[in-house]
Amino acid sequence: RDGLIARTFQVRDRRTGAIAEFDMGLLKGETDHPYRVQYEQFRFTHLVASRLAAFAHARVVFNARVASVSQDADRITVTTEDGVVHEADWLIGSDGAYSSVRTSLDIDFPGLTFPERFFVISTPFPFEQHLNQLSYVNYVADTDEWCVLLKVPGLWRCLFPTNEESDEEVLGSGERRLQGVFAKPEPYETRHKTLYRVHQRVAATYRKGRGFLAGDAAHLNNPIGGMGMNGGLHDGLNLAGKLIDLHKRGIDRLDAYEQERRPIAVEHINANTARNREVLAERDPVARKRKQDELCRMAEDPVAAKAYLLKSSMITTLRKAA
């Protein structure tokens with residue numbers, strides 16, 4: 001109830017406006033929720049923590065970084081940097097891009113790091129009142145500086161690529177970049193600024209003994225398309241179901257977790273997010289026009305648009321895994 005429901009998303013051109021709009025209402029009948037929910041990860045973390053508080057056997061501990069992991073045939077042990085030791089039957093490492101669990105389990109994380117970084121600025125300025133027909137989710141192509149405009153509760157989150165600048169230069173460029181989205185005489189109010197590296201990486205294995213990886217600890221991709229967090233949620237649902245089957249029914253399908261989830265990260269998430277980035281950053285005028293025309297035709301064809309939405313919402317990958 002705290003998230004924003006986005007029923008459409010757009011691919012736009014910074015100079016000409018909307019190129020294509022995709023209506024997720026086409027997924028009605030394929031899912032009970034034919035829309036995107038704009039809900040930030042920190043809010044989701046608080047939501048999960050509040051739900052776990054209702055379970056007497058669950059304990060949530062923040063600011064406890066993993067120092068080491070060890071295991072034998074019967075148990076797995078986690079020691080945090082403050083010296084506290086936790087023992088369990090199973091461990092799920094979902095501790096992000098620089099996962100200490102992944103490192104402790106000695107699992108390789110091959111892939112690449114993009115030369116550009118992503119700069120995210122959050123502002124309460126109501127872009128929707130000034131940019132014509134703006135959706136809550138907008139991928140804005142441009143030959144000089146593409147960007148992504150996402151509406152989240154109370155703010156617009158604006159993502160820009162940046163190359164070879166110092167942190168100070170990038171963080172100080174927010175006003176210029178926002179004025180490039182919509183020029184106005186007053187300076188922009190900004191609430192948050194974040195600068196981060198972008199990777200395309202998939203762990204060599206999602207399981208080692210009693211330890212598993214999920215979310216960013218298992219796979220990293222550029223965030224265009226929203227597949228990182230959603231892919232992590234799908235990981236968690238898949239693995240949780242298998243642990244429940246083992247605990248309640250004695251059915252051991254834990255090896256199937258990697259078989260079902262890792263190929264999706266390699267073949268679908270990375271491929272699609274890389275393609276999304278290429279569409280926005282294309283500079284060649286002929287290739288740019290061709291890609292934009294393809295998107296426009298797809299959006300106007302309900303059959304093609306639905307097939308595209310099934311892929312971009314990751315419904316196709318869930319069915320493939322099943």
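These exercises, with worked solutions, concern a predicted model.

**Exercise 1. The open sheet**

Give the strand order of the open sheet of 8 strands, and find which strands stand at the edges.

*Solution.* Start with the order: β3-β2-β10-β11-β12-β9-β13-β16. The pairing is mixed. Next, look at the ends. β3 (17-23) and β16 (219-220) each have a single partner strand, so one side of each lacks a neighbour in the sheet.

**Exercise 2. One strand pair**

Do strands β9 and β12 run parallel or antiparallel, and how many bridges join them?

*Solution.* Locate the strands: β9 covers residues 111-123 and β12 covers residues 155-162. They run antiparallel, joined by 7 bridges. Then pick out one position. V120 stands opposite L159 in β12.

**Exercise 3. A helix on the strands**

Which strands does helix α7 lie across, and at what angle does the helix run to β3?

*Solution.* Helix α7 spans residues 285-300. It lies across β2 (8-13), β3 and β10 (137-141). Its angle to β3 is about 40°.

**Exercise 4. Two helix residues**

Classify H234 and L52 as buried, partly exposed or exposed.

*Solution.* Take H234 first. H234 sits in helix α5 (residues 227-249). Its relative accessibility is 14%. Buried means under 20%, so H234 is buried. Leaving out residues up to four places away in sequence, H234 touches R261, M314 and L318.

Now take L52, in helix α1 (residues 41-52). Its relative accessible area is 33%, so L52 counts as partly exposed. L52 also belongs to a nonpolar surface patch of about 430 Å². V48, F55, V60 and F62 are also among the residues that make this patch.

Terms used
Residues are numbered from 1 along each chain as its sequence is written. This is a predicted model: local features need pLDDT of at least 70, side-chain atom pairs count only at pLDDT 80 or more; totals for chains, interfaces and linings use all residues. Side-chain values use heavy atoms; hydrogens and water are left out. Patches are made of residues with over 30% relative accessible area and no salt bridge: like charges are joined within 9 Å, nonpolar side chains (Val, Leu, Ile, Met, Phe, Trp, Tyr) within 5 Å. Accessible areas come from the Shrake-Rupley method with a 1.4 Å probe; for residues, only the protein chains shown count as cover. A salt bridge is a side-chain nitrogen of Lys or Arg within 4 Å of a carboxyl oxygen of Asp or Glu. Helices (H or I, at least four residues) and strands (E, at least two) are DSSP runs, numbered from the N terminus. Buried means under 20% relative accessible area, exposed over 50%, partly exposed in between (1.4 Å probe, protein chains only). Contact means heavy atoms within 4.5 Å. Two strands pair if DSSP finds at least two bridges between them. Axes are lines fitted to C-alpha atoms, for helices over the stretch in contact, and angles run from 0 to 180 degrees between N-to-C directions.
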